[in-house]
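Biologist: Please take a close look at one part of this model for me. I would like to hear about the place where the two chains meet.

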Amino acid sequence: MTATAIRVDLQLIADMVDPSTRALDVGCGDGSLLAYLVNFKRVDARGMELSQTGVNACVANGLSVIQGDADADLRDYPDDAFDYVILSQTLQATREPREVLRQMLRVGKRAIVSFPNFAHWQVRLRLVFGGRMPETPSLPYKWYDTPNIHLCSIDDFRGLCRDMGVRIERAIVLDRNSKPISLPPLLANLLGEQAVFMLKRD
Amino acid sequence: MEAAIDKPPIEGPLFDGLADAERKALARCRHAVLGVERPLRLDCGVELGPYRVAYQTYGTLNPDKSNAVLICHALTLDQFVAEQHPVTGKEGWWESLVGPGKVLDPARYFIICINVLGGCMGTTGPLAQDPAGQPWNLRFPVVTIADMVRAQAALLDHLGIPDLFCVIGGSMGGMQVLEWAASNPSRVFSAVPIACAARHSAQNIAFHEVGRQAIMADPEWKGGDYRLHHTVPARGLSVARMTAHITYLSEQALQRKFGRALQDRDALGFGFDADFQVESYLRYQGSTFVDRFDANSYLYITRAMDYFDLASAHGGVLANAFKGTPTRFCLFSFTSDWLFPTRESREIVHALNAAAANVSFVEVESDKGHDAFLLDEPEMFRTLAGFLKGAAAVRGLKDVP
């Protein structure tokens, strides 16, 4: 199995993970991040994926993956089972994002979370001037079939971390081309299309 | 290595009174006499020894002894995994998986399958004789899944195999896989329990009890001493098999295979002959089973499955059975298996997660019921091959040239 180039946001997450550690990727999809972590960083990486088809594809590629979902199945794991628990582009689709985050930081020493920013200027324009629910490249769904039931902005997420007493170790904001941009918080919340946070219990 | 897996002659007191099927089996497989100096301490408290272990191997153990794969067989199967059966003449029960170019290729792995303790294909069971030279029959100690695994571990010690690259098995074989991982974690690099559970359910115990009662209700059973009376409890064993066979299939599979089709007739017979094809099929399954399986052995092995409850052996918490396990697990279940449904496998996965174990779990879409694990299921083969490949890479096993 050889891991080739992976999506830019996944690459950013992979870069945050130290080699030879233990990681759990919740919502691992086709396993491309897992494969990268295993092959290039010698990480003991496990995955959880909602779709059984996705799980089977991952296992067929030699990855350790089970069927499960963030809301229900994180609570099985013991405290500090992993160095990192990763949740990429999935937080907004969970039933209880706050509880999921709490579980991630219980099971993992650190949590890495990426999500689309609902305060991105394109989203704002769509709603303010279009008067319709926003559809953008990172939010491609119709209002009636979207899995995203708990969307938030970058500032909302920072607020939740503050409320939960969670330390933000790193925050990377990505523009429309998934390129990291360095901006003051107010502008980041307007110009960032998605964000990647690395969190630690305080 | 060849010397260690040589075939010693079939002679001595432990080989007295062999049944025909046992003699045929032993002539075609390997065997060892174990427990001469250190008897096997069984869960029931009895010390058993010496005892016979009949097994078969495929492939060659590599110089660093890292490529051994143990296949654990199910209730009524045996060590003849990938070759013509010496008693039935049928092809090996897992030839879809084991053989040249298959997922478990003897060119790459040293594959071992051991007839379970209590079995009737050469390993000591109720057919054997006690130290006084009398047939054990129902005086044979009740054995457990853990006892079966102890006997297997003793054979590996005898063969000088320190640990296993993989332990794999379905149904009761899956129970043995779980027991192996729980009781010998350092000897199990990877474990593949298929279509099984960490404890036998009330419904499954109930079906087994129907089978046992059918055997014991047969007047030819004679309190288990049928061989002394030169009888065979064929009717009872056959009914036991018919009941069990239904549980191995799914409603869809039965419907597809037989529906309400009639057997060799155009109209209902208004009697109790096998009007329906499904009846005829079950009768055939029952009657051929009698030719290859021993009734008392059926009692003992079903009992071993009934007694299996891995959590209760670990303080009532299944996760404790796997605490700190270094083993890589891959579980399989089948959507239409109602004997060992997916939720049973999921419970094991939950426990393994609670132990932070390395675990994969594949549910295979199939309408073939519990039997699916023995059949051609490409999705299972594909995912299992991937799992083994990943595990082999971590283990440092080389690819087949």
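Modeller: Here is the interface, followed by the cavity beside that topic.

This is a predicted model: local features need pLDDT of at least 70, side-chain atom pairs count only at pLDDT 80 or more, and totals for chains, interfaces and linings use all residues. Residues are numbered from 1 along each chain as its sequence is written, chains are lettered from A and ligands numbered from 1 in the order written, and side-chain values use heavy atoms, without hydrogens and water.

On chain B, 22 residues are in contact with 21 residues of chain A (heavy atoms within 4.5 Å). The two chains bury about 1600 Å² between them, 46% of it on carbon and sulfur atoms. That area is the accessible area (1.4 Å probe) lost on putting the two parts together, summed over both.

The rule finds zero salt bridges across the interface (a side-chain nitrogen of Lys or Arg within 4 Å of a carboxyl oxygen of Asp or Glu). Polar contacts number 12 residue pairs, both residues at pLDDT 80 or more. Each is a pair of N or O atoms within 3.5 Å, one able to donate a hydrogen and the other to accept it; residues adjacent in sequence count only if both atoms are side-chain atoms.

Strand 9 (328-334), helix 9 (342-354), strand 10 (358-364) and helix 10 (378-395) of chain B each supply at least two residues of its side. Helix 10 of chain B gives the largest share, seven residues. Helices (H or I, at least four residues) and strands (E, at least two) are DSSP runs, numbered from the N terminus.

The lining of the largest cavity includes A:R46, A:Y77, B:N353 and B:V359. A cavity is a set of points on a 1 Å grid over the protein atoms alone where a 1.4 Å probe fits but cannot get out; lining residues have an atom within 4 Å of a point.

Key: 1 Å grid on protein atoms, 1.4 Å probe; cavity = no way out; pocket = protein on both sides within 12 Å on 5 of 7 lines; lining within 4 Å.
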